[in-house]
Amino acid sequence: MKIQASAEDYLESILVLTQKKGRVRSVDIAQHMGFSKPTVSIIMKQFKENGYIEIASDRTITLTEKGAAIAAKTYEYHMLFANFLMDIGVDEETAYADACKIEHSISETSFEKFKEFYKGYKP
């Protein structure tokens with residue numbers, strides 16, 4: 001299943017924030033991503049309708065199995081590329097920004113080959 005890069009970024013943000021904070025609300029996502037709360041609320045409504053998240057009565061957002069699978073995959077791509085870029089000397093801020101661009105552009109086949117190569121890579 002392929003969704004837009006921006007949707008992957010939202011789901012990845014929910015995953016990261018959940019790991020850091022334990023519970024996530026729209027305001028947390030807005031602050032993390034630098035978007036307005038109304039914009040994030042609209043997206044969260046769409047995500048709920050499409051089965052990517054659940055929203056509890058206290059407005060806490062959790063990923064469904066479907067949303068978590070996309071978030072985990074996006075996060076794996078992001079971290080692998082960010083770590084690789086830092087290992088070859090790219091500064092952290094640039095590495096994370098570039099990894100975000102790469103994670104949405106590369107095919108799954110190329111990613112798997114890159115991951116195999118990088119596991120064997122020893123600087």
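This presentation describes a predicted model of one protein chain, from its overall layout to two threonines and a pocket.

Let me begin with the chain as a whole. The protein chain holds six helices and two strands. Read from the N terminus, the order of these elements is α-α-α-β-β-α-α-α. Measured out along the principal axes, the box filled by the C-alpha atoms is roughly 50 × 30 × 20 Å. The chain has 123 residues, and buried residues make up 37% of them. Turning to contacts between residues at least 6 apart in sequence, 54% join residues at least 24 apart.

I now move to the interior. Which residues of the largest nonpolar core touch the most other members? They are Leu-11, Ile-29, Met-44, Phe-47 and Ile-53, in a core of 19 residues. Helix 1, helix 2, helix 3 (37–49) and helix 4 are the elements that give two or more residues to this core. Helix 1 provides the largest share, six residues.

Ile-29 may serve as an example from this core. Once its neighbours within four places in sequence are set aside, Ile-29 is in contact with Tyr-10, Ile-14, Leu-17, Val-24, Val-40, Met-44 and Ile-61. Apart from the core of Ile-29 lies another core, of nine residues, and its members include Tyr-77, Ala-82, Ala-99 and Phe-114.

Next, I would ask you to find Thr-60. It sits in the loop between strand 1 (53–55) and strand 2 (61–63). Is Thr-60 buried or exposed? Its relative accessible area is 12%, which is under 20%, and Thr-60 therefore counts as buried. The side chain of Thr-60 makes a polar contact with the side chain of Asp-58, at 2.7 Å. Beyond its neighbours within four places in sequence, Thr-60 is in contact with Arg-23, Val-24, Arg-25, Glu-54 and Ile-55. Val-24 thus appears among the contacts of Thr-60 and also among those of Ile-29.

The second threonine is Thr-74, which is found in helix 4. Thr-74 is buried as well, because its relative accessible area of 6% falls under 20%. Where does the side chain of Thr-74 reach? It comes to the backbone oxygen of Ile-70, at 2.9 Å. Not counting residues up to four places away in sequence, Thr-74 touches Glu-8, Glu-12, Glu-103 and His-104. With Thr-39 the picture is one of separation: Thr-74 and Thr-39 are 35 residues apart in sequence, and their C-alpha atoms are 22 Å apart in space.

Finally, I come to a pocket. Rolling a probe the size of a water molecule over the atoms shows where empty space is left. The second largest pocket in this model has a volume of about 210 Å³. Which elements each supply at least two residues of its lining? They are helix 1 (5–21), helix 2 (26–33), helix 4 (65–87) and helix 5 (92–103). Helix 1 gives the most to this lining, with four residues.

The lining consists of Asp-9, Glu-12, Ser-13, Val-16, His-32, Met-33, Tyr-75, His-78, Met-79, Tyr-96, Ala-97 and Cys-100. Sorted by class, seven of these residues are nonpolar, three are polar and two are charged. Glu-12, a member of this lining, is also one of the residues that Thr-74 touches.

To close, helix 1 gives the largest share of the largest nonpolar core and the most residues to the lining of the second largest pocket.

Notes: Residues are numbered from 1 along each chain as its sequence is written. This is a predicted model: local features need pLDDT of at least 70, side-chain atom pairs count only at pLDDT 80 or more; totals for chains, interfaces and linings use all residues. Side-chain values use heavy atoms; hydrogens and water are left out. On a 1 Å grid over the protein atoms alone, a cavity is a set of points where a 1.4 Å probe fits but cannot get out, and a pocket is an open set with protein on both sides within 12 Å along at least five of seven lines; lining residues have an atom within 4 Å of a point. Grid points are joined across faces, edges and corners, and a volume is the space filled by probe spheres set on the points. Ala, Val, Leu, Ile, Met, Phe, Trp, Tyr, Cys and Pro count as nonpolar, Asp, Glu, Lys and Arg as charged, and the others, Gly among them, as polar. Buried means under 20% relative accessible area, exposed over 50%, partly exposed in between (1.4 Å probe, protein chains only). A polar contact is a pair of N or O atoms within 3.5 Å; within protein, one must be able to donate a hydrogen and the other to accept it, and residues adjacent in sequence count only if both atoms are side-chain atoms. Contact means heavy atoms within 4.5 Å. A nonpolar core is a set of buried Ala, Val, Leu, Ile, Met, Phe, Trp, Tyr and Cys residues joined through side-chain atoms within 4.5 Å.
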